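Student: I have a model open and want to learn how to read its features. Where do we begin?

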Amino acid sequence: MDIKIKNATLSLIQGDITLQETDAVVNAANTRLAGGAGVDGAIHATGGPSIMAECRKIGGCPTGQAVITAGGNLKARFVIHTVGPVYQGGGSGEAAQLKSAYLESLKLASARGLKSLAFPAISTGVYAYPLEEAARIALMTVMDYIGEHSDLELVRFVLFSRKMYDIFAGELKKLIQQPEQ
Ligand code: AR6
């Protein structure tokens with residue numbers, strides 16, 4: 001599913017983030033940038049050890065922030081590593097932290113002059129964020145950003161399962177129908 005916002009395309013696909021040919025792919029990392037399971041494990045496995053070497057030099061990344069490394073053996077030239085919140089019931093600022101993880105990744109892509117970016121569904125795996133709310137926050141943050149900034153031409157959400165694709169597509173349809181909410 002694709003929609004146009006100003007000059008940019010917001011795209012949803014079912015797939016594997018490690019295969020994307022966008023300028024950068026976003027990694028759902030942890031604060032130590034230490035690697036792990038899920039997207040993080042897949043990106044390091046496919047991208048090779050140079051990505052971890054750069055992560056070690058950077059040292060870490062607070063929740064809601066983002067850092068950038070080269071893409072190693074990935075097709076993407078860069079990896080933006082961001083850290084989403086661990087979901088703890090919703091009363092610990094998780095929504096603001098999740099929004100910030102997307103926003104800081106977008107800002108970093110803009111600052112580097114990148115034109116295309118692929119996101120996974122941050123925090124929806126190991127970090128257990130409720131799926132519909134996570135999808136809504138992800139989509140609203142990206143839609144607002146590309147509506148206000150003309151530099152990014154493509155933002156693609158790469159959803160690993162059919163279920164997650166359907167959740168994102170459902171939330172996107174709701175947002176398009178009721179853009180003020
Ligand atoms: N491509 C796209 N999406 C994927 C892929 C893939 N190759 N693999 C998994 N997903 P997660 P988190 C989906 O757990 O919740 C790591 O250990 C997955 O189905 O990767 O932010 C880190 O080191 C889910 O919907 O990230 C951290 O410690 C989504 O990606 C911690 O997990 C995110 O799941 C971060 O947890």
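**Salt bridges, ligand and backbone**

Tutor: With a charged pair. This is a predicted model. In it, Glu104 and Lys107 form a salt bridge, and their closest N and O atoms are 3.4 Å apart.

Student: Where do Glu104 and Lys107 sit relative to each other in helix H3?

Tutor: Look at the spacing along the helix. Glu104 and Lys107 are three residues apart in helix H3 (residues 94-111), so about one helical turn separates them.

Student: How do I read the accessibility of these two residues?

Tutor: Use the relative accessible area. Under 20% is buried, over 50% is exposed, and in between is partly exposed. Glu104 has 21%, so it counts as partly exposed. Lys107 is partly exposed too, with 40%.

Student: How many salt bridges are there?

Tutor: The count comes to five. Another one of them pairs Glu171 with Arg136, with the closest N and O atoms 3.6 Å apart. Glu171 belongs to helix H5 (residues 162-177) and Arg136 to helix H4, so this pair ties together parts that are 35 residues apart in sequence.

Student: Is Glu171 buried or exposed?

Tutor: Apply the cut-off: buried means under 20%. Glu171 has a relative accessible area of 4%, so it is buried. Its partner Arg136 is partly exposed, at 33% relative accessibility.

Student: Which residue pairs with Glu171 inside helix H5?

Tutor: Lys174. The two are three residues apart in helix H5, so about one helical turn lies between them. Lys174 and Glu171 form a salt bridge, and the closest N and O atoms are 3.1 Å apart. Lys174 is partly exposed, with a relative accessible area of 44%.

Student: What do salt bridges that share partners make of these residues?

Tutor: Follow the shared partner. Arg136, Glu171 and Lys174 are joined into one network.

Student: Now the ligand. Which residues are the closest to it?

Tutor: Start with the shell. It holds 23 residues, and the closest are Asn30, Ala37, Val39, Asp40 and Thr124. Then ask which element supplies them. H1 gives the largest share of the shell, four residues.

Student: Which residues place a polar atom by an oxygen atom of the ligand?

Tutor: Check side chain and backbone separately. From the side chains, a polar atom of Asn30 lies 2.8 Å from a ligand oxygen. In Asp40, a side-chain N or O atom is 2.7 Å from an oxygen atom of the ligand. Val126 uses its backbone: a polar atom there is 2.8 Å from a ligand oxygen.

Student: How much of the ligand does the protein bury?

Tutor: Compare the ligand alone with the ligand in place. Alone, the ligand exposes 710 Å², and the protein buries 89% of that. The ligand takes up the space of the largest pocket.

Student: Last topic: the backbone. What sign of phi should I expect?

Tutor: Most residues other than glycine have a negative phi. Positive values therefore deserve a look.

Student: Which residue in the loop between strand S3 and helix H1 should I look at?

Tutor: Leu33. That loop runs between strand S3 (24-28) and helix H1 (38-47). Phi of Leu33 is near 50°, a positive value in a residue other than glycine. Leu33 has 3% relative accessibility, so it counts as buried.

Student: And where is Ser123 found?

Tutor: In the loop between strand S6 (116-119) and helix H4 (131-148). Ser123 is not a glycine, yet its phi is positive, about 70°. At 4% relative accessibility, Ser123 counts as buried.

Technical notes: Residues are numbered from 1 along each chain as its sequence is written. This is a predicted model: local features need pLDDT of at least 70, side-chain atom pairs count only at pLDDT 80 or more; totals for chains, interfaces and linings use all residues. Side-chain values use heavy atoms; hydrogens and water are left out. Buried means under 20% relative accessible area, exposed over 50%, partly exposed in between (1.4 Å probe, protein chains only). A salt bridge is a side-chain nitrogen of Lys or Arg within 4 Å of a carboxyl oxygen of Asp or Glu. A residue is near a molecule or strand if one of its heavy atoms lies within 4 Å of it. A polar contact is a pair of N or O atoms within 3.5 Å; within protein, one must be able to donate a hydrogen and the other to accept it, and residues adjacent in sequence count only if both atoms are side-chain atoms. Accessible areas come from the Shrake-Rupley method with a 1.4 Å probe; for residues, only the protein chains shown count as cover. On a 1 Å grid over the protein atoms alone, a cavity is a set of points where a 1.4 Å probe fits but cannot get out, and a pocket is an open set with protein on both sides within 12 Å along at least five of seven lines; lining residues have an atom within 4 Å of a point. A molecule sits in a cavity or pocket if more than half of its atoms lie within 2 Å of its grid points.
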